Amino acid sequence: AVVSTQSTGLSGVESNKCKDQLLSAGYQIESVQGAGHKLGCVISGKASFFFTSRTGTFQWDTCGPHAILRAMSGDILTLAPGPNGRLRLGESLKYNESTGPNPGFIAYVDGREMEKLKGKLNL
């Protein structure tokens with residue numbers, strides 16, 4: 001799904017626990033179809049984030065939008081399960097390392113909003 005103080009994008013497979021965490025942190029969740037559409041919402045400013053904690057996108061879904069986000073001082077950072085099942089924020093999504101699905105990730109443009117999200121979700 002896409003997430004922001006206005007709206008956030010989440011993938012359609014997120015758990016209720018994940019949705020509840022975002023809602024209780026003050027974010028609104030918008031449901032839109034397709035990874036490219038969700039990333040476009042972040043790029044256009046319609047959403048602050050695209051948050052997906054699970055695999056399901058591929059390099060061809062993210063490489064173009066990722067380049068645009070980087071040009072706008074944003075990024076796509078990986079998410080992975082950490083200790084106690086909590087999500088752990090990783091590094092910038094990398095390409096050409098495998099042909100399998102991308103890991104979970106958060107896409108954003110505004111670094112200050114990303115820092116707030118990290119704090120609210122304890123990433």
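## A tour from helix α3 to its strand neighbours

Begin by selecting residues 59-71, which form helix α3: its 13 residues reach 18 Å from the first C-alpha to the last, close to the 18 Å expected at 1.5 Å a residue. The coordinates in the viewer belong to a predicted model, and the tour should be read with that in mind.

Staying on α3, centre the view on Pro65, where the helix bends by about 25°. Pro65 is also one of the buried residues of α3, together with Gln59, Thr62, His66 and Leu69. An α-helix has 3.6 residues a turn, so residues three or four places apart point the same way. If you now display the surroundings of these buried positions, you will find that they pack against α2 (35-44), β5 (75-81), β6 (87-92) and β7 (104-108).

Next, move past the end of the helix to Ser73, which lies in the loop between α3 and β5. Ser73 takes a positive phi of about 75°, although most residues other than glycine have a negative phi. Its side of the picture is an open one, since Ser73 is exposed, with a relative accessible area of 60%.

Follow the chain into β5 and select residues 75-81. Five of the seven residues of this strand are buried, so β5 is largely enclosed by the rest of the structure. On pairing, β5 joins β7 in the antiparallel sense over five bridges, and Thr78 can be used as a marker there, with Phe105 as its bridge partner in β7. β5 is also joined to β6, again antiparallel, by four bridges; here select Ala80, whose bridge partner in β6 is Arg88. Between β5 and β6, which form a hairpin, there are five residues, and Asn84 in this turn has a positive phi of about 60°.

For another backbone of this kind, go to Asn122, in the segment after α4 (111-121). Phi of Asn122 is near 55°, a positive value in a residue other than glycine, and at 48% relative accessibility Asn122 counts as partly exposed.

Finish with the cysteines Cys41 and Cys63. Which of the two is buried, and which is partly exposed? Cys41 is buried, with a relative accessible area of 8%, whereas Cys63 is partly exposed at 40%. There is no sulfur-sulfur bond to display at either position, as a search of the whole structure finds zero disulfides.

Methods: Residues are numbered from 1 along each chain as its sequence is written. This is a predicted model: local features need pLDDT of at least 70, side-chain atom pairs count only at pLDDT 80 or more; totals for chains, interfaces and linings use all residues. Side-chain values use heavy atoms; hydrogens and water are left out. A disulfide is a pair of cysteine sulfur atoms within 2.5 Å. Buried means under 20% relative accessible area, exposed over 50%, partly exposed in between (1.4 Å probe, protein chains only). Helices (H or I, at least four residues) and strands (E, at least two) are DSSP runs, numbered from the N terminus. The expected span of a helix is 1.5 Å times one less than its number of residues. The bend at a residue is the angle between axes fitted to the seven residues ending there and the seven starting there. Contact means heavy atoms within 4.5 Å. Two strands pair if DSSP finds at least two bridges between them.
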